[in-house]
Amino acid sequence: NGSRRADRWLRMKIRKTALILTAVMGLSLLAGCDNEKQQIFKEAEKDLEQGSYEYALDEFTTSVNNGVKPAVSYRGIGICQLRLGNYDNAITAFTSALGEEKVNKSMARDLYLYRATARLQAGYLDDAMADCQVLAQNYEMDADAWFLTGKVALEMDVYDEAASDFEQAYGEDSSYDRAIQIYETYLDKDMEADGTRYLEAVLSTEAKGAEDLCSRGRIYYYMGDYTNAQKELTDASNQGSTEALLVLGMVYGAQSDYANARAMYQQYINQKLDDTSGNQTQTAAQGYNGLAVCDMAEGNYDSALGNISSGITIASDDEMQSLLFNEIVAYEKKLDFSTAQEKTVSYVGMYPEDEEAAKELDFLKSRTGSNE
């Protein structure tokens, strides 16, 4: 009996040890799985910050499926879709984020701003204004919120409200960038005079460094004062502003001085390609686009397409639209209407809000006799 008891005790101990080991291994596997899910979420945030929107979109979608920070992950999906021009999908994602439980007031405000932007881009103006009204009624309004509300009001042709909102925005943030932003918004509506007063107002302030000098140069360029634009931009370039070279190219191009325009664009490209800091907000693509514009002005359409191709290979999503549109123009100038139409169909699918491209497509269809 003693032997049987000892044997039974030994079997029980072995079984208990096995159960403990199994439990420990199970916990380790769960921990490993959780760590992997968290890592995917961190990679999504990193890719979003770096502008790798397609990668980030896949990773945030996986994070939603994994249940990792659903509100933040839906927000990430929305931003990616917005940057990729998929506005309806962006709206859906921001709405899903707002429907999650763990959304604090600061994040909710951020989501309403993003959703209003997506709705504006999609042409859902009443819905965009509804989001802006929620912001005004329930959250603190800053320059960005006032500017967005003004932009929506302007698209709705409510001019007095837009003017009031823009004044509020500029009152909160009387920077060069804000003045240019308001000017460009009015310019898009063929109301340049309404925007010019903001440019004139900000020019009365004093420049503080290369960035301000570059902004002043851009403003003078918009105003057609190329002498002052060249002066400010040259000073900015001498103080280390790479962006100033790009705008200088635009200034020379506006005066049909394509030799100097090319030189500026090429310097811009060289400096961008040599910059290995990893902190670039823009790539060399805009320089290639500038070279293509010079090419087309001089009738060198094959050269233009080559420069556009070089730009497309490195362009960020924000830089891509201008390159793709100029590609259409180059093919049209070559009288290759079928390729131009093919490119335009693709472009309109990516940027449905571009009314000029829609008109271009109608024109090309009349040339090719195609309704596709």
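A polar contact here is a pair of N or O atoms within 3.5 Å, and within protein one atom must be able to donate a hydrogen while the other can accept it. Keep that in mind for the opening stop. One more note before you start clicking: the model is predicted.

**Stop 1: S322 and its surroundings**

Select S322, which sits in helix α17, spanning residues 317–333. Now add N289 and show both side chains: the side chain of S322 makes a polar contact with that of N289, at 2.8 Å. Next, bring up Q286. Its C-alpha atom is 8.7 Å from the C-alpha of S322, with the two positions 36 residues apart along the chain. Is S322 buried or exposed? S322 counts as partly exposed, because its relative accessibility is 37% and the partly exposed class runs between 20% and 50%.

**Stop 2: K69 in its loop**

Move to K69, in the loop that connects α2 (53–66) with α3 (70–83). Select K102 as well and draw a C-alpha to C-alpha distance: the two lysines are 33 residues apart in sequence and 8.7 Å apart in space. With a relative accessible area of 46%, K69 is partly exposed.

**Stop 3: a negative surface patch**

Which residues form the negative surface patch? Select E155, E184, D188, D190 and E355 together, and you have it on screen. Start with E155, in helix α7, which covers residues 143–155. E155 has a relative accessible area of 36%, so this glutamate is partly exposed.

Then pick D190 from the patch. This aspartate lies in the loop between α9 (176–188) and α10 (192–203). D190 counts as exposed because its relative accessibility is 73%, and the exposed class begins over 50%. While you are there, look at the backbone: phi of D190 is near 55°, a positive value in a residue other than glycine.

**Stop 4: D157**

For the last stop, select D157, in the loop between α7 and α8 (159–172). What is the phi of D157? The angle is positive, about 65°, although D157 is not a glycine. D157 is partly exposed, since its relative accessibility is 41%.

To compare backbones, show D157 and D190 side by side: D157 has a positive phi of about 65°, and D190 has a positive phi near 55°. Both are in loops, D157 between α7 and α8 and D190 between α9 and α10.

Methods
Residues numbered from 1 in each chain as written. Predicted model: local features only at pLDDT ≥ 70, side-chain atom pairs only at ≥ 80, totals over all residues. Heavy atoms only, no water. Patch = residues over 30% accessible without salt bridge, like charges linked within 9 Å, V, L, I, M, F, W, Y side chains within 5 Å. Areas by Shrake-Rupley, 256 points an atom, 1.4 Å probe, with all protein chains shown as cover. Salt bridge = Lys/Arg side-chain N within 4 Å of Asp/Glu carboxyl O. Lys, Arg positive; Asp, Glu negative; His and termini not counted. Charge placed at Lys NZ, Arg CZ, Asp CG, Glu CD. Helix = DSSP H or I, 4+ residues; strand = E, 2+ residues; numbered from the N terminus. Buried < 20%, exposed > 50% of the residue type's maximum accessible area, 1.4 Å probe, protein only.
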